[in-house]
Amino acid sequence: MTTAQSETGRTVTTGIPARLDRLPWSRWHWSVVIGLGTVWILDGLEVTVVGNIAARLSEPGSGLPITSGQVTGIAAALYVAGACAGALFWGRLTDIWGRKKLFMITLAVYLGATALTAIAFDTWWFLLFRFLTGFGIGGEYAAINSAIDELIPAKYRGRVDLIINGSFWLGAVGGSLLSIVALDTDLFPADVGWRLTFALGAVLALVILLVRRHVPESPRWLLIHGRHEEAERIVGGIERRVEAEKGEPLPHARGELTIRQRKSVTFTEIARTVFARYRRRSVLGFSLFIGQAFLYNAITFGFGAILTTFFDVPSGSTGYYFAVIALGNFLGPLLLGALFDTVGRRVMISGTYLLSGLLLFGTAWLFDRGSLSAATLTACWCAVLFFASAGASSAYLTVSEVFPMETRAMSIAFFYALGTAAGGISGPLLFADLTGTGEVGDTVLAFQVGAGLMCAAGLVAAFLAVKAERRSLEDIAQPLTAVPPRPTTADPARTGAAAGQPEAGPGAPA
């Protein structure tokens, strides 16, 4: 890791942001996606595995004196609480210490906590390690989304962000299938199989950690924090790699950005920026996160209970159904992601939210009429979640690109914590009562609540969504440190010229 000295209070004019945005897609960008994005697969694996092994953990001979309710209730709540706390704690440090330092630290926290979960032999140790696992994952959301948006060219930012956030569901598919194998007592003893699932998560995290070492610090963050020479070296190295791969010079970049470098931004400045200067964008972020949180709880909370209660599906077979809807969740961002960069954010965000809400209303109507079987209900959920997953991923994309550079990680952390708390605390409290009664009408009401909030968020997005497609982050939200460009070009602190091309500004197209 580079240890260049910071020089703050200095004004520099730079073309680095637009030089990054005008890069064609390359192998280097794939290395960023693999190094940073694959962690959501681990998150999906974690959440799904714990839900599926709850029954085994509570059985005699599991090696852990814990009840099923403690696994799905207390342990799940502690994981959510850890994720919320971790997002806020690490999010603030991500803006102060940098993206790379934090995405290494938070993954190490996750790795250690997951490994310790695998060897837990007492209930309170298990619960503590679940909290710490969530604490690491929560920090990942802020650090990773910040780094990805600041390294990926504007032309591709939307689709890449959506697919990476949607990869959570690949982990969910893997978790469902892994739990089926790990819990097979013909293959593994009852007190070993569930431990292997957590051990595998730790091994995968270690592999990602080794790959992630080669992902550089965000040059945008370096610029603002007085390390413009280091930022120039990183961008120049990326440009040389891309030119060598493509076999031709890169296109010229246009424009420039002038900033006054500083070490950090106070909480007061962050609050004023997010809740006063960008009040409408905050309303948008709040609406998107709450809508998707409640829709997902309306469908997935009590998922197994709905199948077993109303359709007599054996409890040991619900994992197969979950794997199917998890696949539908991943296909949504994968197939619709490019449209967020071409058709545009406003149409696609509002459209995916409204469509998923309306489809869930239709599912509730069919369920109420008794027209569905376990298979057709799962098919309906797949259709709903195909659009909902793209919409939910766009919520993370939105809050990571519509606020200034200096507040980006903290903004992501705040809205993530808000949405996670709503979905993981108030959501289960509401939907557990509704889906647990065994009454068709109560389950229908749960569906309708989730659908109504999703539609409401879609309407908010139709009016407030920001047209951020193919635009530089600095054009969408000007950095707090930005100053009017100097009238002279003879600035010794100027960066971006070393690559032998005109500098690009925040408003230049990718």
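Before I start on the helices, a word on terms: the axes I mention are lines fitted to C-alpha atoms, for helices over the stretch in contact, and the angles run from 0 to 180 degrees between N-to-C directions. Please also keep in mind that what we are looking at is a predicted model.

I will begin with a pair of helices, α17, which covers residues 345–369, and α20, which covers residues 440–464; their axes lie 8 Å apart and make an angle of about 165°. Since angles over 145 degrees count as roughly antiparallel, α17 is therefore roughly antiparallel to α20. The crossing of α17 past α20 is left-handed, and the residues that form this contact comprise 20 nonpolar, nine polar and two charged ones.

Let me turn to α11, residues 228–246, where the 19 residues should span 27 Å at 1.5 Å a residue, and the end C-alpha atoms are indeed 27 Å apart, so the two values agree. The buried residues of α11 include His 228, Glu 230, Glu 232 and Glu 239, together with Ile 234, Val 235, Ile 238 and Val 242. As for what they pack against, the partners of these buried residues are β1 (11–14), α1 (16–21), α2 (27–37) and α10 (219–224). Just after α11 comes Gly 247, with a positive phi of about 75°.

Finally, α9, residues 193–212, has 20 residues and reaches 29 Å from its first C-alpha to its last, which is close to the 28 Å expected at 1.5 Å a residue. Among the buried residues of α9 are Trp 194, Phe 198, Ile 208 and Leu 209, and also Arg 195 and Arg 212.

Methods: Residues numbered from 1 in each chain as written. Predicted model: local features only at pLDDT ≥ 70, side-chain atom pairs only at ≥ 80, totals over all residues. Heavy atoms only, no water. Helix = DSSP H or I, 4+ residues; strand = E, 2+ residues; numbered from the N terminus. Parallel < 35°, antiparallel > 145°, perpendicular 65-115°, else oblique. Left-handed = near helix turned anticlockwise from the far one by under 90°. Nonpolar A, V, L, I, M, F, W, Y, C, P; charged D, E, K, R; others polar. Expected span 1.5 Å × (residues − 1). Buried < 20%, exposed > 50% of the residue type's maximum accessible area, 1.4 Å probe, protein only. Contact = heavy atoms within 4.5 Å.
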